[in-house]
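Reader: I would like to learn how to read a model of this kind with care, taking one feature at a time. Could you give me the general idea first and then the case at hand?

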Amino acid sequence: MSKTYYFRCTSNPNAAPFKTDQFWEAEDMRKHPDYIEIDGDGNVIPNAADFAEQRMPFSSPHPQ
């Protein structure tokens with residue numbers, strides 16, 4: 001069973017979501033400036049690269 005990817009066009013919000021089950025096509029759509037990835041319910045899926053930039057770097061406690 002393959003995963004289904006959904007994308008919403010930001011320049012045309014009335015358009016139906018774009019749906020694909022091809023991984024390579026989903027990777028191309030993630031790079032397109034007019035499309036954002038959504039889940040099957042229409043909720044925006046945060047980009048993993050953007051999320052990684054927001055994380056606090058871990059540092060181990062220094063012994064005193």
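Author: We begin with the naming of elements: helices (H or I, at least four residues) and strands (E, at least two) are DSSP runs, numbered from the N terminus. With that convention, Y5 is found in strand β1, and the chain as a whole has 2 helices and 3 strands, which follow one another from the N terminus as β-β-α-β-α. The model is predicted, so local features need pLDDT of at least 70 and side-chain atom pairs count only at pLDDT 80 or more, while totals for chains, interfaces and linings use all residues. Residues are numbered from 1 along each chain as its sequence is written, and side-chain values use heavy atoms, with hydrogens and water left out.

Reader: What is the average pLDDT of the chain, and where is confidence lowest and highest?

Author: The score pLDDT is the predictor's confidence in each residue, from 0 to 100. The chain averages 82, and 73% of the residues score at least 70. Confidence is highest in β2, at 94, and lowest in helix α2 (residues 48-54), at a mean of 54. Where pLDDT is low, the predicted coordinates should not be read in detail.

Reader: How should I read the sheet, and what is the order of its strands?

Author: Strands of a sheet pair through backbone hydrogen bonds, either parallel or antiparallel. Here two strands are said to pair if DSSP finds at least two bridges between them. This model has an open sheet of 3 strands in the order β2-β1-β3, with antiparallel pairing. Because β2 and β3 (35-38) stand at the edges, each with a single partner strand, one side of each is left without a neighbour in the sheet. The twist averages 30° from one strand to the next, where angles run from 0 to 180 degrees between N-to-C directions and axes are lines fitted to C-alpha atoms, for helices over the stretch in contact.

Reader: Which residues of β2 are the bridge partners of Y5 and F7?

Author: The antiparallel strands β1 and β2 are joined by 3 bridges; in β2, Y5 has T20 as its bridge partner, and F7 has F18. On the other side of the pairing, β1 and β3 are linked in the antiparallel sense over 4 bridges, and C9 stands opposite Y35 in β3.

Reader: Which side chains of β1 are buried, and which are not?

Author: Buried means under 20% relative accessible area, exposed over 50%, and partly exposed in between (1.4 Å probe, protein chains only). The side chains along β1 alternate, with Y5, F7 and C9 pointing to one face and buried, whereas Y6 and R8 point to the other and are not. Y5 counts as buried because its relative accessibility is 9%. For contrast, S11, in the loop between β1 (5-9) and β2, is exposed, with a relative accessible area of 54%. Over the chain, buried residues make up 12% of the 64 residues.

Reader: What does Y5 contact beyond its neighbours within four places in sequence?

Author: Contact means heavy atoms within 4.5 Å. Leaving those neighbours aside, Y5 is in contact with F18, K19, T20, D21, Q22, F23, A26, R30 and E37. The C-alpha atoms of Y5 and A26 are separated by 6.4 Å, although the two residues are 21 residues apart along the chain. Helix α1 (residues 23-31) lies across β1, β2 and β3, and runs at about 30° to β1.

Reader: Which side chains form polar contacts with those of T20 and E37?

Author: A polar contact is a pair of N or O atoms within 3.5 Å; within protein, one must be able to donate a hydrogen and the other to accept it, and residues adjacent in sequence count only if both atoms are side-chain atoms. T20, which lies in strand β2 (residues 18-20), is buried, with a relative accessible area of 6%, and its side chain makes a polar contact of 2.7 Å with the side chain of E25. A polar atom of the T20 side chain also lies 3.2 Å from the backbone nitrogen of Q22. E37, found in strand β3, counts as buried at 15% relative accessibility, and a polar contact of 2.8 Å joins its side chain to that of R30.
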